[in-house]
Every structure is written in structure tokens, then in C-alpha cells.
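The following note sets out points for a colleague who is about to examine this model at the level of individual residues. The sequence and the coordinates should be kept at hand while reading.

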Amino acid sequence: MRRIKEIINEIAETISKEYHIIGSSMEKTIKKMNIKIIKTDRIDDVLNGTIKKNENQMFEIFLYPDEISEEKVNFILARELGHLLLHIGTSIENDLSAKKTFNFSIEEKEEAEIFAFAFLMPKIEFRQKLLETKKENYADLETVARYFNVTIGKARQRAYQLELLKTND
């Protein structure tokens, strides 16, 4: 699994450099990739961040913006982009009339999360920003999170993944 994580990180960081400006809104990045974001009221059978292929064979991501911050939206969109690139691919299915909602395994969900962390917080840039905020034995995760436009919790998880923190609490 370690090698798979490394590959996912490389893919995410490469694509991020091409399409995403660190700390910017993922909504702009997603739109630049020609993926439609649909903001809607919560629907019981559709979860926040659900990705679908519509009748025109274009990808759509459903969001419920009234309930979540921009930082959380950024992570959801990066995670769904990970699913699209890692698990769905961009090829068009033969059945052009089919609308499709994708369901992912626990392993695929974990891979998409790894992608999102690396896409939004590339390793070198994250390490550099964390070290810039370090005073004595503490790093200012709030400043780091603000810089990458993610929640403090996601910044803490990324620091832990990169072994820059000893515990993830």
C-alpha cells in the first residue's frame, strides 16, 4: 500500500501544479477542468460530494453549500476529483443514455482522500509552510490551514501523514 500511496501523491501533485493555485478555491479549479458543480438542497439518497455522469456524459459533483465551509468544500471537491482520476477515468461509456452514480469501496475512498491531501497540500510546499510557522516545538497549524484553504483538522492530518507531527490529535 505504501507504493500505491506514493504513486497517488505523485499523480495528485503533478495535476495540482498544472491546474490549481495553492490556497485558491477548488470550485475554480473544478470548473477549469470542465466538471460541473451542482449546489442543491440535501437529498436523502445523494451524499455531499457525490459525483455523477449526466445525460450529456459530463461529470457533475453535488454539494450542499449551506451546511459547509469553503475549506470543507475544497477537500470534498479534491476528493471527488481523486475518484474521477483514479477510479472512474475520463472515457465515455458506450451507453450514452445512461446516467451513472458511482459507488466506491473503502479502499477507493481512502485513495481519494490521499489524493485530496496531496492535491491541496503538496508535500514540499506543506513542509516549507509548516516550518515557517514553527516556534520552539510548535507549528501554527491555523496559519498553515489558512494558507492552503483547508480546515485545521485536515492540515493536522497532512502533517501527521508526512511525519511532521508525532500524533494526529
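**Notes on the predicted model**

1. Strand S3 offers a starting point. From S3, Phe-59, Ile-61 and Leu-63 point one way, while Glu-60 and Phe-62 point the other way, and all of them are buried. The strand is accordingly described as mostly covered, with five of its five residues buried. In a regular strand the side chains alternate between the two faces of the sheet. This is a predicted model, and the points below should be read with that in mind.

2. The partners of S3 are S1 and S2. Strand S1 (residues 36–39) runs parallel to S3 and is joined to S3 by four bridges. Strand S2 (residues 51–53) pairs with S3 in the antiparallel sense, over three bridges. Ile-61 in S3 is a useful reference residue: Ile-37 stands opposite Ile-61, and Ile-51 also stands opposite Ile-61. The hairpin of S2 and S3 has five residues between the strands, and in this hairpin Gln-57 takes a positive phi near 65 degrees.

3. The overall arrangement is as follows. The chain has seven helices and four strands, and along the sequence they follow the pattern α-α-β-β-β-α-β-α-α-α-α. Of the 169 residues in the chain, 41% are buried. Among contacts between residues at least 6 apart in sequence, 66% join residues at least 24 apart.

4. The nonpolar interior deserves attention. The largest nonpolar core has 40 residues, and those with the most contacts inside this core are Leu-81, Phe-119 and Phe-126. The elements giving two or more residues to the core are H1, helix H2 (26–32), strand S3 (59–63), helix H3 (70–88), helix H4 (106–120), H5, H6 and helix H7 (152–161). Helix H3 supplies the largest share of the core, eight residues.

5. Which residues does Leu-81 contact, leaving aside its neighbours within four places in sequence? They are Met-26, Ile-30, Met-33, Ile-35, Phe-115 and Phe-119.

6. Ala-12 lies in helix H1 (residues 2–19). Is Ala-12 buried or exposed? Its relative accessibility is 0%, so Ala-12 counts as buried. Not counting residues up to four places away in sequence, Ala-12 touches Phe-115, Ala-118 and Phe-119. Phe-115 and Phe-119 are also among the contacts of Leu-81. In addition, the C-alpha atoms of Ala-12 and Ala-78 are separated by 9.3 Å, although these residues are 66 apart along the chain.

7. The structure holds four aromatic pairs. In one of them, the ring centres of Phe-126 and Phe-148 are 5.6 Å apart and the planes lie at 35 degrees, so this pair is tilted. The pair links distant parts of the chain, with Phe-126 in helix H5 (residues 123–132) and Phe-148 in helix H6 (residues 141–148), 22 residues apart. A further aromatic pair, Tyr-147 with Phe-148, is edge-to-face, at 4.9 Å centre to centre and 85 degrees between the planes. Ring pairs thus link Phe-126, Tyr-147 and Phe-148 into a cluster.

8. The members of this cluster can also be described by their accessibility. Phe-126 and Phe-148 are both buried; for Phe-148 the relative accessibility is 1%. Tyr-147 has a relative accessible area of 40% and is therefore partly exposed. The charged end of Lys-129 sits over the ring of Tyr-147, 4.5 Å from its centre. Elsewhere, Lys-154 lies over the face of Phe-75, at 4.2 Å from the ring centre.

9. Confidence should be weighed before any detail is relied upon. The chain averages a pLDDT of 85, and 83% of the residues score at least 70. Among the elements of the chain, H6 has the highest mean pLDDT (97), whereas strand S4 (residues 100–101) has the lowest (56). Over residues 94–98 the pLDDT is below 50, and this stretch has six contacts in the model beyond near neighbours in sequence. Where pLDDT is low, the predicted coordinates should not be read in detail.

Technical notes: Residues are numbered from 1 along each chain as its sequence is written. This is a predicted model: local features need pLDDT of at least 70, side-chain atom pairs count only at pLDDT 80 or more; totals for chains, interfaces and linings use all residues. Side-chain values use heavy atoms; hydrogens and water are left out. Buried means under 20% relative accessible area, exposed over 50%, partly exposed in between (1.4 Å probe, protein chains only). Contact means heavy atoms within 4.5 Å. Rings of Phe, Tyr and Trp (its six-membered ring) pair if their centres lie within 6.5 Å; planes under 30 degrees apart count as stacked, over 60 as edge-to-face and the rest as tilted. A charge sits over a ring if NZ of Lys or CZ of Arg is within 6 Å of the ring centre and within 35 degrees of the ring normal. pLDDT is the predictor's confidence in each residue, from 0 to 100. A nonpolar core is a set of buried Ala, Val, Leu, Ile, Met, Phe, Trp, Tyr and Cys residues joined through side-chain atoms within 4.5 Å. Two strands pair if DSSP finds at least two bridges between them.
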